[in-house]
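Let's take a friendly look inside a protein model. Keep the sequence and the 3D view side by side as you read.

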Amino acid sequence: MGQTLEKMTWFNEPEKWEIKNNSLSMFVTPQSDYWRISHYGFTVDDAPFLYTTYGGEFEAKVKITGNYKVRFDQMGMMLRIDKENYIKAGVEFVDGKYNLSTVVTHKTSDWSVITLDKTPSAVWIKAVRRLDAVEIFYSFDDKNYIMMRNAHLQDNSPVMVGLMAACPDGNGFQATFENFKVKHLPDERRLKWLENNK
């Protein structure tokens, strides 16, 4: 089952958005982003983010399509504990090319990219949270997933997980998120313990 978008919560709600047939479309707020301190020397925490809160281990995935216009236009998924601890991953438009982009923030932000030679019609992003780590994957067909990042995220903390888009330099763009799903994963340590203590 898909996550019910209507029951999710806005952080920095954009002016224009619509939910229809398990799809969220929004016009991304101009001059908005998530970033903390490093390299650029500023902190911003004001881009649109529609989220739900999950504890424990889970897998989340979404299909993203954006009408990117200017440098740093971006959209994807975010996992967030608080303003100093979050991971955002998806597509970021840089110098006319699509980049698979991950920003990991623990007090300060870092940024990793994979530049794509071709422009895909859509990208699927998947995040798998296990213990104190999150594995981020991408796919062009929702079948073959390739890991783009493995990053630390504090365990035993509830996580806001959901749909994020940002437009640091531009006047906004249209972003569409489809088939967002989150599912709890079985606790492998508990399953192993039960198996060993039959």
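Start with a hidden space: Q74, M75, K88, A89, G90, V91, E92, S101 and M164 line the largest cavity. Please remember that this model is predicted. The points below describe the cavity, and then the sheet whose strands help to line it.

**The cavity**
- Rolling a probe the size of a water molecule over the atoms shows where empty space is left.
- The structure has 1 cavity of 30 Å³ or more.
- The space inside the largest cavity comes to about 50 Å³.
- What kinds of residues make up the lining of the largest cavity? By class, there are 4 nonpolar, 3 polar and 2 charged residues.

**Strands around the cavity**
- Two strands, β8 (74-82) and β9 (85-94), each supply at least two residues of the lining of the largest cavity.
- Which strand gives the most to this lining? That is β9, with 5 residues.

**The sheet**
- Strands of a sheet pair through backbone hydrogen bonds, either parallel or antiparallel.
- Here, 7 strands form an open sheet in the order β1-β6-β15-β8-β9-β10-β11, and their pairing is antiparallel.
- At the edges sit β1 (9-11) and β11 (108-115), each of which pairs on one side only.
- From one strand to the next, the twist averages 25 degrees.

**A pairing to find in the view**
- Strand β15 (residues 159-166) pairs with β8 in the antiparallel sense, over 7 bridges.
- Look for M75, one of the residues in the lining of the largest cavity; its bridge partner in β15 is A165.

Note on methods: Residues numbered from 1 in each chain as written. Predicted model: local features only at pLDDT ≥ 70, side-chain atom pairs only at ≥ 80, totals over all residues. Heavy atoms only, no water. 1 Å grid on protein atoms, 1.4 Å probe; cavity = no way out; pocket = protein on both sides within 12 Å on 5 of 7 lines; lining within 4 Å. Points joined across faces, edges and corners; volume = space filled by probe spheres on them. Helix = DSSP H or I, 4+ residues; strand = E, 2+ residues; numbered from the N terminus. Nonpolar A, V, L, I, M, F, W, Y, C, P; charged D, E, K, R; others polar. Pairing = 2+ DSSP bridges. Axes fitted to C-alpha atoms, helices over the stretch in contact; angles between N-to-C directions.
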